[in-house]
Amino acid sequence: MPGSTDDSIVLQNHLGAYRNASVSNISKAQVLNYFFRFESFANDSNEYRDLSPMFIGTVVKDTNLPDSVVLRTALGFISEASNFSQLLSLGLVSWGSDEKSKLRQARFYLRRAHKIAPVFNYSRAIVNLGILRKILKKHFYWPRITTQLALTIFVTDRNDPTIAKQEYILQKNLRAFCACSAYAFHMARKKLNIGKTGCYGS
C-alpha cells in the first residue's frame, strides 16, 4: 500500500492535488482494464503491490489519460479491492438453505466485484455463474465463493468475443482480486475440466 516505499510516499504527498480530479465511468473502466490485462498489480503473496511513479507513468502513457485520473482511479481501486478481498478471504459469506438463496448470494458478490472493477461483461457473467453452479452441483463439488467468483470471471473473460487473446485478464491479478489461491483456482479448473480457452470440457 502507499507509504511503504520512497516512491509511494511521493505519491501520497501529492495525493491532495488529485482528490478533486473527476473520474468518469469510461475512464475508470479504461484504467482498470489496463491494470487487469497488462500490468501485474499483485505480488507473489497474492497481495496488492505498492504503486510507484514508474507504474503510474506507464499507465498514463499507454492509456493517454491524465496522471491525476490514473492515480485517483488506482488508489481508489486498491482501497476498495483490498477491503473486498479481505471480506472474501474471511469466509464470512452467509448461505441460505436452498439453491436459489445460494445463487442470490453468489450474484451479490459478483455484482459487487463488477462495481469495484468493471472489467468483465456482467450480463454474461451472471449467465456463466448459473451454468457454473449447475456443473458444481452435478459434480457434488462446492469450492469457496472466492474460487467460484474467479472461475466465473475467468470463463466470462475468455469467452468474450470482443477481447483479443493477448488482452485476457492476467490470472495472477484475477486471483488476487477474488482472494483465490493459485492452488484452489487451478485445482477447480482441473476438476471441472476448464481449459485455457475458458470452455468446459476443453
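What share of the contacts in the protein with a separation of 6 or more is accounted for by residues 24 or more positions apart?

1. The structure under discussion is a predicted model. In this model, 71% of the contacts with a separation of 6 or more are accounted for by residues 24 or more positions apart.

2. As to secondary structure, the protein contains nine helices and zero strands. Its pattern, followed along the sequence, is accordingly written α-α-α-α-α-α-α-α-α.

3. With regard to burial, 46% of the 202 residues of the protein count as buried. The accessible surface amounts to about 10,800 Å², and carbon and sulfur atoms hold 53% of that surface.

4. Helix 9, which spans residues 182-192, merits separate comment. Its buried residues are Ala 184, Phe 185, Ala 188, Arg 189 and Leu 192. Viewed down the axis of helix 9, these buried residues fall within an arc of 130 degrees, and they therefore line one face of the helix.

5. The other side of helix 9 presents a contrast in exposure: Tyr 183 and Lys 190 are exposed there. The reader may wish to view these two residues together with the buried residues Phe 185 and Arg 189.

6. The cover over the buried residues of helix 9 comes from elements that include helix 6 (122-139), helix 7 (145-158) and helix 8 (171-177).

7. Finally, the residue that follows helix 9 is Asn 193. The phi of Asn 193 is positive, near 60 degrees.

Note on methods: Residues are numbered from 1 along each chain as its sequence is written. This is a predicted model: local features need pLDDT of at least 70, side-chain atom pairs count only at pLDDT 80 or more; totals for chains, interfaces and linings use all residues. Side-chain values use heavy atoms; hydrogens and water are left out. Helices (H or I, at least four residues) and strands (E, at least two) are DSSP runs, numbered from the N terminus. Buried means under 20% relative accessible area, exposed over 50%, partly exposed in between (1.4 Å probe, protein chains only). Contact means heavy atoms within 4.5 Å. Accessible areas come from the Shrake-Rupley method with a 1.4 Å probe; for residues, only the protein chains shown count as cover. The arc is that of the directions from the helix axis to the C-beta atoms.
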